[in-house]
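Dear colleague,

I am handing over the structure we spoke of, and I would be glad if you could look through it alongside the notes below.

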Amino acid sequence: MIDINFLGTSISKRLPEHILVAKTIDQVKPILEEVESYWQRGYYAVGYVSYEASPAFDPNLIIHSNPRLPLIWFAVFQTPDTEKVRSSFAYQVGNWQADCTEGEYEKAIGAIHAAIGRGDTYQVNHTIRMHADFEGDTWSYYQHLSRLQPGYNAYLDLGVHQLLSLSPELFFRWEKDKLITRPMKGTAKRGRSEQEDIFRAAQLLDSTKDRAENLMIVDLLRNDLGKIAVPGSVHVPSLFAIEKYPTVWQMTSTIEAITPPESSLSDIFTALFPCGSITGAPKRKTMELIRSLEQSPREAYCGTIGYLKPGGEAVFNVAIRTVVVDQEQKKATYGVGGGITWDSTSGGEYEEVITKAKILESKPFSHQLLESIRLENGTYTLLEEHIARMRESASYFGFPFSEQAIRQQLKDLAKQYPGDIYKVRLLLSSLGRLEVMVESLKEIVQPVNVTLATDFVSSDDIFLYHKTTERQIYEERRVDGFFDTLLWNERGELTEFTIGNVVVEIDGKLVTPPQESGLLAGTMRKELLEKGEIEERIIYKMELSNATSIWLINSVRGWVKVELK
């Protein structure tokens, strides 16, 4: 079974007509030429070229010996399947563990710094492997991962081994005479809120280290393209573009060239492979250093997976973010790494590696965005603030957002309920679908009894910063017999109630926790801060004994006096 989904281009085949495999270096180019021969005769071809196939294109490139997987594997067929396999079966993935400690990683970075000091290299893409026990259906696991990160995704079933690639990086696109490559260098962790997210993207764009790292690879790939391109045709239409992914921001650049009419697929690989973004610069000397520092072959990871389509289209990814499952050993392996330069620190780079691996623990976005709005006598309270907050969260999660459609639905609803007071729940799905629900708002007797949560919430949980239907973290902390529960974080700082923000009167001042403590920035809270009626500051649990009064506030209920029991 093979499946390709490259940014909308989808190719699937359950039973390919031919499988072409190279297991030794001397077989690599002949097999690649055979693949191209099928392609020129109108066949599809889908497969991979291993990082360890590199010496076939340049004998001076140093790699690990004795890889487990074939150096080249391609499936060839005349027509793809019209429907993908949609069955889903159980699978189980154990805890992912790195194959080196932070101390071992630090030692490797020290060796790279020494090599840079000697002038042997300018940048090294140093990688490690993560391993986990795996049992069950790899296709279902691939479907799960591919929902997390659309990009240059591929599933290849080799028999004992399966490759599950979630690559965001294009190695090359070759169509007719136009050759494009898009190296990806520079990574930043996503922020928790829209504001923090934008700030981190701006930090990445302004990072001298990341721009230098990206530019080194751009220069390397310009040189590689120059080996095959029509003289004078190599150019860089995009430099330092910042792209958003579920767990990280990435910096990418685009290099283009025109190839001569007689160029072959083998010529392209000879000029470009392996991609400079996963070696470093200069390529030959740096690959020698990689061989000495990394504990195992990279195999398909850091190689390339792609397709050849009748009509002259060839597209290959850089096979990063790729899981290899061994069914006999019941093990999964995931390679992850980053570019190391003179300015790199072992702590910073190790953190970047772990950040990149977070996708393995992520869940697909199944939640909806949610706004609860007060409708009183046909008028919405703080409507502009609610729309703005949903717009920001939609941007953060990548949900389609039509402000015009939202306003029209709410306008139509208000006409149906011109009198009395209601709570309106506005829901937005990941596909952009809107749903509106209405319920009468009943008065409550104040003060209400609340209690303090027995367990903390993590201030790193992104769902604390966005109003969504993903409310497990809240529901687990609600206590029967109480109106609500007051939450606190891992540092002992108050955050919010499960259904509203908290305001505490201490020493004659009305204060509320900052968003960084781990809370939703409520619309009423925002209005009160802007008017200067309340102030932001960190509030610790121990300070509650000094509180004169405590309120739960939200835009539906307003000020609700509480008593902490």
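What follows is a summary of what was found, taken topic by topic.

Please keep in mind throughout that this is a predicted model.

To begin with the interior, the largest nonpolar core contains 85 residues, and those with the most contacts inside it are Trp-96, Phe-171, Phe-172, Phe-269, Val-323 and Tyr-334. Helix α1, which spans residues 25-40, gives the largest share of this core, with 6 residues. As background, nonpolar side chains tend to be buried together in soluble globular proteins. Leaving aside residues up to four places away in sequence, Val-323 touches a set of residues that includes Trp-96, Tyr-141, Leu-145, Leu-163, Tyr-334 and Leu-360.

The aromatic residues deserve a separate look, since the search of the whole structure returns 29 aromatic pairs. One of these is formed by Trp-39 and Trp-174, in a tilted arrangement with 6.1 Å from centre to centre and 55 degrees between the planes. Because Trp-39 belongs to helix α1 and Trp-174 to strand β11 (residues 170-175), this pair ties together parts that are 135 residues apart in sequence. Trp-39 counts as buried at 9% relative accessibility, and Trp-174 is buried as well, with a relative accessible area of 6%. Trp-551 and Trp-559 form an edge-to-face pair, with 5.4 Å between the centres and 85 degrees between the planes. Here Trp-551 counts as buried at 16% relative accessibility, whereas Trp-559, with a relative accessible area of 30%, is partly exposed. There is also one aromatic cluster made up of Phe-57, Phe-74, Phe-171, Phe-172, Phe-269, Phe-273 and Phe-316; of its members, Phe-171, Phe-172 and Phe-269 are also listed among the residues with the most contacts inside the largest nonpolar core.

Turning to cavities, there are 3 of 30 Å³ or more in the whole structure. The largest encloses about 200 Å³, and of the 21 residues that line it, Asn-125, Lys-185, Ile-320, Gly-337 and Lys-356 are the closest to its centre. Strands β13 (184-189) and β20 (331-340), together with helix α8 (346-356), each supply at least two residues of this lining, and β20 contributes the most, with 6 residues. By class, the lining of the largest cavity consists of 6 nonpolar, 9 polar and 6 charged residues. The second largest cavity has a volume of about 40 Å³, and its lining includes Tyr-51, Glu-52, His-64, Arg-129, Arg-291, Glu-294 and Arg-298. That lining divides into 3 nonpolar, 2 polar and 5 charged residues.

Finally, some points of backbone geometry may be worth your attention. The peptide bond joining Phe-273, a member of the aromatic cluster, to Pro-274 is cis, with omega at about -10 degrees, and Pro-274 sits in the loop between α6 (265-272) and β16 (280-281). A cis bond also links Gln-446 to Pro-447, with omega near 0 degrees, and Pro-447 is placed in the loop between β24 (434-440) and β25 (448-452). Phe-240, in strand β14 (residues 235-244), has a positive phi near 65 degrees although it is a residue other than glycine, and it counts as buried at 12% relative accessibility. Lys-330, which is not a glycine either, has a positive phi of about 55 degrees; Lys-330 lies in the loop between β19 (322-326) and β20 and is partly exposed, with a relative accessible area of 41%.

With best regards

Definitions and conventions: Residues are numbered from 1 along each chain as its sequence is written. This is a predicted model: local features need pLDDT of at least 70, side-chain atom pairs count only at pLDDT 80 or more; totals for chains, interfaces and linings use all residues. Side-chain values use heavy atoms; hydrogens and water are left out. A nonpolar core is a set of buried Ala, Val, Leu, Ile, Met, Phe, Trp, Tyr and Cys residues joined through side-chain atoms within 4.5 Å. Buried means under 20% relative accessible area, exposed over 50%, partly exposed in between (1.4 Å probe, protein chains only). Helices (H or I, at least four residues) and strands (E, at least two) are DSSP runs, numbered from the N terminus. Contact means heavy atoms within 4.5 Å. On a 1 Å grid over the protein atoms alone, a cavity is a set of points where a 1.4 Å probe fits but cannot get out, and a pocket is an open set with protein on both sides within 12 Å along at least five of seven lines; lining residues have an atom within 4 Å of a point. Grid points are joined across faces, edges and corners, and a volume is the space filled by probe spheres set on the points. Ala, Val, Leu, Ile, Met, Phe, Trp, Tyr, Cys and Pro count as nonpolar, Asp, Glu, Lys and Arg as charged, and the others, Gly among them, as polar. Rings of Phe, Tyr and Trp (its six-membered ring) pair if their centres lie within 6.5 Å; planes under 30 degrees apart count as stacked, over 60 as edge-to-face and the rest as tilted.
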